[in-house]
Amino acid sequence: MSDDVVFPLLGVFLFGVGFAAFVGRRHLLWKIIAVNVMASGVSVLLLTLPRRAGEGVDPVPQAMVLTGIVVMVAATALALALAVRLAGLSPGDGRHRHTRE
Amino acid sequence: MSMALHGFALFLLLNVTAGLVRIARGPTAPDRMLAAQLFGTTGVAILLVLAEALDVRALRDVALVFALLAAVLAVAFVKRGRVSDHARRNRA
Amino acid sequence: MAFDVALCVLVAGLALRLLTTRDLFEAVILFVSFGLALALVWVRIGAVDVALAEVALGAGVTGALLVNARRRLEQKAPEWLEAAHYRPAAAVLPALCGAFAGVAGLVALTAPRAVQPLAPRILERVPDAAATNPVTAVLLDFRAYDTLLEIGVLVAGITAVWALERGRPAVPPAATAEDEPVLAELVRWIVPLTVMTAIYLTWLGAYEPGGAFQAGALLAGAGVLMLASGFLRPYAPHSPVLRTVVAAGLFVFAAAALATVFAEGALLRYPAAGGYVWVLAIEAVLTVSIAAILAEFFVDVPSAPQQASGEQR
Amino acid sequence: MMDLLVLLLLACGGFFFLAGTVGLLRFPDVLTRIHTLTKADNLGLGFTVLALALLADSWIVRAKLVLIWLLVIGATATTGHLIARAGLEARDGLEGRDETGLEARDGARLGAGDH
Amino acid sequence: MSDILSPDVLLPAVVLVPLLGAAVAVASARAAAATAVITALLTAAIAVLLGRAVVAGGAVTHAAGAWGAPLGIEMHADGVAVLLLVVTAAIGICITVYATSYFRPIFEDEEDRGVRFFWPLWLLIWAALNAIFVATDLFNLYVCLELLTLPAVAMVALDGDREAVAAATRYLLLSIAGSLLFLLGVAIVYSGSGTLALAAIRESGMDARAAATALTLMTTGLAVKAALVPLHVWLPPAHAGAPAPGSAVLSGLVVKAAFIIVLRLWTEAFPGSLLAPGADLLGVLGAIAVLWGSLLALRQQRVKLVIAYSTVAQVGYLFLVFPLLLEAPGPAWSGTMYHLLSHALAKAALFLAAGAMLRAMGSDRLDDIAGVGQKLPMTFAAFGIAGLNLAGMPPSGGFIGKWLLLTAALSSGQWWWAVVIAIGSLLAAAYVLLVLRAAFLQPRARPLRHQPPWQLTAPALALALLSVVLGVWAEPPLLLLGATAPDLAP
């Protein structure tokens with residue numbers, strides 16, 4: 001019985017703290033980590049919410065979570081690339097295209 | 001036997017939880033790497049035990065993947081984790 | 001069960017520490033550990049396919065990506081590690097957001113389940129699908145259209161990263177076995193085994209947990225190992241070979257979709273006789289493309305060690 | 001009889017895993033921690049694998065178990081070696097040991113963060 | 001074998017063809033431009049043919065894998081979807097022509113302008129847009145949204161200056177968070193209804209409280225992507241920082257795609273009884289967006305920023321539909337969709353025109369374009385005509401959209417929305433005139449650094465004229481829209 005509650009609770013917790021950290025932390029890398037924690041929370045909920053006692057796992061949410069994981073990897077890689085690029089540019093770099101004197 | 005295996009899995013999990021304190025405490029990066037290493041080895045053990053206890057063959061494949069990739073993080077850390085010329089220049 | 005509760009406490013604790021620590025390296029290690037602990041959660045929930053993907057990605061690509069990004073940040077902008085960047089925003093908004101999420105989650109938790117769930121209806125039809133593993137059947141048959149678009153997302157991701165890394169520096173010279181005898185020995189053993197396991201997982205996916213994503217992520221892990229240790233030189237950024245391999249998965253999958261629209265009258269409806277062969281062929285190409293894309297994320301985000309970082313551009 | 005043996009092996013495995021964790025937490029520096037951890041954990045996993053091999057119903061499963069064990073040993077040995085080298089330099093505090101391509105000193109210091 | 005021109009082939013092809021084109025454009029940098037042009041022509045032709053088929057034979061449904069909902073995913077093209085596909089095709093052709101010239105280096109210090117990445121990114125965005133317009137499945141929409149977001153973010157960062165990269169980063173992070181809110185909503189819906197098909201959710205007898213929660217989560221997540229005030233902060237720097245053809249896609253279409261999803265969730269997936277409580281809030285936020293966005297547009301010094309803030313305002317109009325739908329569904333629905341379509345054309349035209357100014361003068365600051373109106377007649381003609389749309393003046397399509405919205409507001413007795421619409425139109429006229437005044441009434445003209453070729457001027461003018469055609473030739477589109485007005489009976 002408690003089984004049916006403990007994992008969904010974990011999902012809610014992960015999503016909540018992830019969301020709070022996403023808003024609350026300024027550092028880009030932690031924002032990126034925070035959305036990943038949020039995504040984990042959603043995945044847990046996707047898998048456990050539809051579950052009923054005594055049944056196997058629904059394959060549809062499993063497929064959704066797999067898709068979601070891959071999407072998150074792509075998004076994370078892009079976010080990291082952006083962060084790294086941003087760190088390498090000082091204010092005013094490459095602005096000539098819009099404000100050529 | 002299933003009870004014993006479940007109990008053993010729980011023991012391993014608690015063991016690894018304790019070991020993770022080292023990640024938080026550090027103090028150096030290699031210490032933290034070690035704690036992750038502990039997680040890797042114990043994780044493999046937990047997966048193998050659960051595979052037997054739950055009778056799910058596929059978990060051994062998960063453990064196999066785990067074992068195959070156990071070195072990736074450490075290698076990435078040692079070979080690419082080192083710090084910049086910038087820091088060195090600042091120190092000089 | 002005690003194990004589940006302990007596991008949840010562990011995952012929750014890891015997440016808390018991960019999100020509150022101020023040490024970037026600790027966060028990287030915690031993030032990887034978090035992923036591995038999560039894999040145990042998937043195991044306990046019974047989602048072995050997901051566990052396999054989580055382990056393959058978490059132990060291989062994700063951690064390495066973060067390690068690299070951290071190093072590049074330190075190179076390019078050490079001030080990012082200084083205190084100003086760690087100043088938290090006002091506490092009210094995060095608290096509100098967390099509470100909002102919490103309330104929404106609790107409503108979801110207490111809401112009644114569907115009167116007519118989908119799972120039994122899907123499981124009933126799996127024998128008609130092109131794979132006997134229900135998850136693979138959903139991914140490559142029932143909801144294959146989603147998977148096709150998802151490969152598009154991966155290709156979009158790598159194209160985007162490439163676009164950001166225009167004019168990236170030259171690749172470093174390859175390492176030799178003399179430089180790193182121990183590592184060389186490990187690579188010599190691990191890589192062939194990984195390739196074999198990846199082939200096995202691709203093939204296995206039709207029947208049991210496994211499939212293109214898991215195999216691709218595993219293969220990418222081996223790629224990252226070789227790239228990081230210097231035994232594999234990254235391809236030149238825009239080498240035609242690399243680009244072709246990256247695009248092949250999307251191209252083959254989309255072409256198969258178009259072909260089935262013409263031949264079978266519906267997108268990715270496989271021919272009655274050879275559905276299994278179609279799925280296997282698509283999965284094989286996808287595995288290679290996914291592996292190439294994931295490994296290429298690693299090459300690009302950090303790229304090679306630079307001699308004179310900071311001054312470039 | 002068989003069950004007893006399995007339980008015994010599991011207990012041994014558990015003991016070594018515990019020893020590894022205690023070592024990781026209590027030992028004074030990186031190098032000693034590496035030694036205990038890699039050795040103890042590999043032994044612990046070895047006993048566990050042995051126990052599971054007794055329970056296994058086919059030789060394929062046993063072979064897989066042993067393969068996994070060997071892989072983990074190989075991985076920990078290599079990473080232990082690499083981390084040790086990094087840790088050594090962190091301890092010695094040598095400047096610019098470039099012949100190994102390592103500058104883990106900085107990694108260590110930055111890794112230590114603000115503790 | 002199916003007939004190549006049967007709607008059952010055209011419907012999936014409208015998504016698959018740009019995807020295939022993108023794959024080829026990724027694989028071969030050399031063939032990317034040619035691939036993109038061919039793909040654009042093909043996709044546009046498919047969209048038009050599909051439109052003809054739907055006009056002639058009614059809505060088309062295609063069941064992927066022949067499973068049918070709820071087991072599999074269905075694509076559905078009705079009147080609205082077809083209008084969106086055709087307008088997207090028109091914009092798509094123009095942008096493709098424009099981009100063949102826009103990225104050519106002309107200034108001495110310009111190196112690689114990233115055009116070889118523009119093509120695959122643009123085709124992926126097009127595929128994602130088309131996929132969203134014909135989607136009928138919640139999770140499918142999530143994947144489409146991600147397929148839309150990643151290339152859109154890359155598009156913003158393509159020019160590579162710091163502001164653009166910072167804007168792209170913010171856009172990506174907010175967007176991911178929005179997607180995850182959406183996905184949490186999907187989890188709740190799936191658990192409570194046992195289906196992901198939009199139409200089936202309503203009939204599933206899902207718990208009302210859970211449905212309301214899911215709808216709130218998904219609307220919030222999408223509001224980020226649609227840049228509804230107060231979640232709009234990422235938009236102006238992102239849309240102004242992207243290269244002009246990218247800005248045109250982002251402002252003209254990408255933002256609207258998120259809105260379309262919100263609208264379809266509210267009208268198709270969930271019962272009308274859920275509409276009432278949240279509708280006024282969305283309307284108020286929309287009204288704030290109209291006023292605040294317009295006021296900020298007036299204060300900008302760069303043409304692209306003026307246009308970007310104008311997008312914030314114009315998106316606001318779209319959200320006025322929610323309070324109006326309940327009382328006056330017919331005109332509210334048609335008016336909003338009409339506004340959306342004509343604004344998509346006009347906004348794309350404006351950004352393309354701004355890009356031509358940028359290429360001609362090397363800057364889009366109001367000071368720098370002072371007095372150049374006569375030297376760039378085509379460009380400023382496009383700007384002026386598209387500006388008519390924003391101000392809602394006849395004979396533009398924007399006039400019809402706003403007129404219908406006004407009708408809906410007044411006939412349902414909610415005169416306050418009418419006031420907002422009127423003030424917003426006046427402000428829009430003001431910021432368009434601000435740009436035109438700088439270009440025509442200020443004396444000190446600088447020499448053109450570069451005479452923009454026809455590829456940079458004709459597409460903008462064509463789109464601007466199309467937005468007027470939409471105003472003059474309004475009956476057929478309105479008929480199509482009327483046939484698809486939502487049924488909100490509780």
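# A tour of the chain contacts

Chain B and chain C, with which this tour begins, bury about 4600 Å² between them, and 75% of that area lies on carbon and sulfur atoms. The model open in the viewer is a predicted one, and each value quoted along the way is to be read with that in mind.

**Stop 1: chains B and C.** Select the two chains together and display the residues in contact, which are 45 in chain B and 63 in chain C. Across this interface there are 3 salt bridges, together with 2 residue pairs in polar contact for which both residues have pLDDT 80 or more. On the side of chain B that touches chain C, at least two residues come from each of the helices α1 (2-19), α2 (21-25), α3 (29-54), α4 (58-68), α5 (72-80) and α6 (85-91). If one element is to be coloured here, α3(B) is a reasonable choice, since it supplies the largest share of that side, 9 residues. Colouring the same side by residue class should show 32 nonpolar, 5 polar and 8 charged residues.

Next, select Arg32(B) and Glu26(C), which form a salt bridge whose closest N and O atoms are 3.7 Å apart. Which residues belong to the salt-bridge network that includes this pair? Adding Arg17(C) and Asp23(C) to the selection completes it, for these two are linked with Arg32(B) and Glu26(C) in a network of salt bridges.

**Stop 2: chains C and A.** Hide chain B and bring up chain A, where 63 residues are in contact with 79 residues of chain C. The area buried between chain C and chain A is about 6500 Å², with 79% of it on carbon and sulfur atoms. How many salt bridges are counted between chain C and chain A? The count is 0, while 8 residue pairs are in polar contact, both residues of each pair being at pLDDT 80 or more. Helix α3 (residues 48-76) of chain C is the element to highlight, because by the helix assignment used here it gives the most to the side of chain C that touches chain A, with 12 residues. That side of chain C, sorted by class, holds 58 nonpolar, 8 polar and 13 charged residues.

**Stop 3: a glycine in chain C.** Staying with chain C, select Gly13(C), which is placed in helix α1 (residues 2-20) of that chain. Gly13(C) has a relative accessibility of 34% and therefore counts as partly exposed. A distance label drawn from its C-alpha atom to that of Leu57(C), 44 residues away along the chain, should read 21 Å.

**Stop 4: salt bridges between chains.** Over all chains the count comes to 14 salt bridges, and two that cross between chains can be visited in turn. Begin with Arg33(D) and Asp31(B), whose side chains meet in a salt bridge at 2.2 Å, N to O. The pair runs from helix α2 (residues 30-55) of chain D, where Arg33(D) sits, to helix α3 of chain B, which holds Asp31(B). Are these two residues buried or exposed? Arg33(D) is buried, with a relative accessible area of 5%, and Asp31(B) is buried as well, with a relative accessible area of 1%.

Then move to Asp137(E) and Arg143(C), which form a salt bridge with their closest N and O atoms 2.6 Å apart. Here the pair joins two loops, the one between α4 (115-133) and α5 (138-157) of chain E, which contains Asp137(E), and the one between α6 (134-142) and α7 (144-164) of chain C, which contains Arg143(C). Both Asp137(E) and Arg143(C) are buried.

**Stop 5: within chain E.** Isolate chain E and select Glu268(E) with Arg264(E), a salt-bridged pair whose closest N and O atoms are 3.0 Å apart. The two residues are separated by about one helical turn because they are 4 residues apart in helix α10 (residues 244-269) of chain E. Glu268(E) counts as partly exposed at 31% relative accessibility, whereas Arg264(E) is buried, with a relative accessible area of 15%.

Finish at the strands, where β1 (residues 60-63) of chain E and β2(E) pair in the antiparallel sense over 4 bridges. Select Thr61(E) to find His76(E) of β2(E) standing opposite. Along β2 (residues 74-77) of chain E the side chains alternate, so that Met75(E) and Ala77(E) point to one face and are buried, while Glu74(E) and His76(E) point to the other and are not buried.

Notes: Residues are numbered from 1 along each chain as its sequence is written. Chains are lettered from A and ligands numbered from 1 in the order in which they are written. This is a predicted model: local features need pLDDT of at least 70, side-chain atom pairs count only at pLDDT 80 or more; totals for chains, interfaces and linings use all residues. Side-chain values use heavy atoms; hydrogens and water are left out. Contact means heavy atoms within 4.5 Å. Buried area is the accessible area (1.4 Å probe) that two parts lose on being put together, summed over both. A salt bridge is a side-chain nitrogen of Lys or Arg within 4 Å of a carboxyl oxygen of Asp or Glu. A polar contact is a pair of N or O atoms within 3.5 Å; within protein, one must be able to donate a hydrogen and the other to accept it, and residues adjacent in sequence count only if both atoms are side-chain atoms. Ala, Val, Leu, Ile, Met, Phe, Trp, Tyr, Cys and Pro count as nonpolar, Asp, Glu, Lys and Arg as charged, and the others, Gly among them, as polar. Buried means under 20% relative accessible area, exposed over 50%, partly exposed in between (1.4 Å probe, protein chains only). Two strands pair if DSSP finds at least two bridges between them.
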